[in-house]
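Hi everyone, and thanks for making room for me today. I'd like to walk you through one structure, a piece at a time. Please have a look while I bring it up.

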Amino acid sequence: MSGLLFGCADATQGRDASEAVFSGSCEGICGGEAPSGCFCDAECLDSGDCCPDYEAVCSVHASCDEDDPEDDDAGDDAPPPGDQACFLGEDRNGTTCLPVVSIDPYSYPSPLNNNYREPIRYIDVEAVDLETKIAPNWKLAEISVPYKGRYQVVQPHAVDKLQQVRDQAGALVMKSGFRSPPYNAEQPGAASRSRHMYGDAFDLLPQSTSQNNLYNICNSLGAGYVAKYNSGHVHCDWRNVSVDPLFYGNLALAPGGPPPAFTLADLTLSIDTDGEVYWVEASGYDTEEGELTREWSALDEQGEVLTSAETLTFEPPVGTALLRVNVGGLSEVEHAL
Ligand SMILES: [Zn+2]
């Protein structure tokens with residue numbers, strides 16, 4: 001306890017030090033193991049293998065935040081006590097908790113910073129009950145499929161969003177939740193930095209509402225990336241919400257800035273035709289999930305819509321002056337006839 005008191009007096013100094021990039025210290029990896037082999041988790045106090053700055057960087061912030069209501073530094077949360085992740089649960093009390101393990105089973109794509117960092121804790125799907133209802137309408141088994149990796153990340157805040165989507169959209173089938181990096185890498189056309197590897201992405205097939213309505217619901221609930229696929233599912237992820245410190249360590253201490261996010265420039269579209277039928281070639285997205293939707297509108301010379309259709313190929317009616325195609329709900333291209 002004396003260490004915590006010392007740390008509180010020294011908290012400002014600890015924060016300043018956190019501006020530095022990753023090194024052998026605990027900066028940015030509270031709850032985990034430093035590359036140099038020293039540890040930054042609560043157990044290191046007992047085992048005596050803490051990094052030299054563990055108390056100044058890691059244990060200080062949690063105890064001082066509790067004692068100091070003035071300190072509202074967002075994202076400065078240390079992992080909650082006890083190595084368990086707590087979910088909304090069937091009763092929406094947030095007290096449905098599952099054990100997590102500190103382990104380093106996978107290599108994540110670089111750069112490992114901010115919302116694309118490598119997790120420090122995982123759910124061991126062989127050590128938990130996959131039938132656990134982590135939200136009123138969601139069992140863990142729907143998100144965590146064991147053959148996609150024994151160690152998985154399911155972020156509680158994303159499950160909260162997932163339940164909100166379910167509340168508004170009605171019945172949904174989960175087509176894909178977590179994918180481990182090795183599993184993801186085996187899938188032809190999978191995005192190299194798919195959010196499915198980070199535990200905040202879901203592929204949802206609507207059962208009682210339209211694909212467009214589900215798309216709109218995800219967007220209205222703050223999803224960072226929403227895409228419609230021709231198979232009928234909608235990919236929704238919350239990549240722009242800060243990752244959970246239990247799984248990813250202390251956010252305020254994460255080094256560097258954000259990596260380049262998906263931008264529309266990554267999605268390349270071109271309209272092609274054999275003279276009668278038109279189609280859109282699209283590349284630069286997660287083709288592992290299938291083809292993005294193509295929503296066609298045929299406009300006449302006055303700009304009035306003659307007809308519209310959602311099909312992969314399209315034959316414009318007589319009188320069409322302009323073809324407009326929305327791809328995946330992500331981007332539009334036009335082509336004058
Ligand atoms: Zn997806």
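One definition before we start: I call two strands paired if DSSP finds at least two bridges between them. With that in hand, here is a first example: Trp296 stands opposite Val325 in strand 17. The strands in question are strand 14, residues 294-299, and strand 17, residues 322-327, and six bridges join them in an antiparallel arrangement.

Please keep in mind throughout that this is a predicted model.

Let me stay with strand 14 for a moment. Strand 14 is also joined to strand 15, residues 305-310, by five bridges, and these two strands run antiparallel as well. One residue you can look for there is Glu295, whose bridge partner in strand 15 is Glu310. How many residues lie between strand 14 and strand 15 in their hairpin? There are five, and Gly303 in that turn has a positive phi of about 85°.

Now let's step back to the whole chain. The protein has 337 residues, and 39% of them are buried. Its secondary structure comprises nine helices and 18 strands. If you take contacts between residues at least 6 apart in sequence, 61% of them join residues at least 24 apart.

So where is the core? The largest nonpolar core has 56 residues, and the members that touch the most others are Val159, Cys218 and Cys236. Which element gives this core its largest share? That is helix 6, with five residues.

Helix 6 is a good place to linger. Helix 6 covers residues 156-169, which is 14 residues, and spans 20 Å from first to last C-alpha, close to the 20 Å expected at 1.5 Å a residue. The buried residues here are Pro156, Ala158, Val159, Lys161, Leu162, Val165 and Ala169. You'll notice a lysine in that list: Lys161 is buried along with the others. Right after the helix comes Gly170, with a positive phi near 80°.

What does helix 6 lie across? Helix 6 lies across strand 8, strand 9 and strand 11, and runs at about 15° to strand 9.

Those strands belong to an open sheet of four, in the order 8-9-11-10, with antiparallel pairing. At the edges you find strand 8, residues 172-176, and strand 10, each pairing on one side only. From one strand to the next, the twist averages 25°. Strand 10 is joined to strand 11 by four bridges, again antiparallel, and within that pair Ala227 stands opposite His235 in strand 11.

Next, helix 8, residues 211-220. Buried in this helix are Gln211, Leu214, Tyr215, Ile217 and Cys218. Why do these residues fall on the same side of helix 8? Because they cover an arc of only 165° around the axis. The buried residues of helix 8 pack against helix 6, strand 9 (201-206), strand 10 (225-228) and strand 11 (234-237). Cys218 shows this in detail: leaving aside residues up to four places away in sequence, Cys218 touches Val165, Ala223, Val226, Val234 and Cys236. Just past the helix, Gly222 takes a positive phi of about 85°.

There is another open sheet to point out, this one of three strands in the order 3-4-7, with antiparallel pairing. Its edge strands are strand 3 (101-102) and strand 7 (151-152), each of which pairs on one side only. Strand 4, residues 121-124, is joined to strand 7 by two bridges, and Asp124 has Tyr151 as its bridge partner there.

Last stop: the loop between strand 1 (84-87) and strand 2 (96-99), which is where Asp91 lies. Is Asp91 buried or exposed? Asp91 has 10 C-beta neighbours inside 10 Å, so it counts as exposed; the cut-off for exposed is 12 or fewer. The C-alpha of Asp91 is 9.3 Å from that of Ile134, although 43 residues separate the two along the chain. Arg92 is found in this loop too, and has a positive phi of about 60° although it is not a glycine. With 13 C-beta neighbours inside 10 Å, Arg92 therefore counts as partly exposed.

That's my tour, and I'm happy to go back to any part of it. Thanks for listening!

Note on methods: Residues are numbered from 1 along each chain as its sequence is written. This is a predicted model: local features need pLDDT of at least 70, side-chain atom pairs count only at pLDDT 80 or more; totals for chains, interfaces and linings use all residues. The expected span of a helix is 1.5 Å times one less than its number of residues. A residue is buried if 20 or more other C-beta atoms lie within 10 Å of its own, exposed if 12 or fewer, and partly exposed in between; C-beta atoms are placed from the backbone. Two residues are in contact if their C-beta atoms, placed from the backbone, lie within 7 Å. A nonpolar core is a set of buried Ala, Val, Leu, Ile, Met, Phe, Trp, Tyr and Cys residues joined through C-beta atoms within 7 Å. The arc is that of the directions from the helix axis to the C-beta atoms. Axes are lines fitted to C-alpha atoms, for helices over the stretch in contact, and angles run from 0 to 180 degrees between N-to-C directions.
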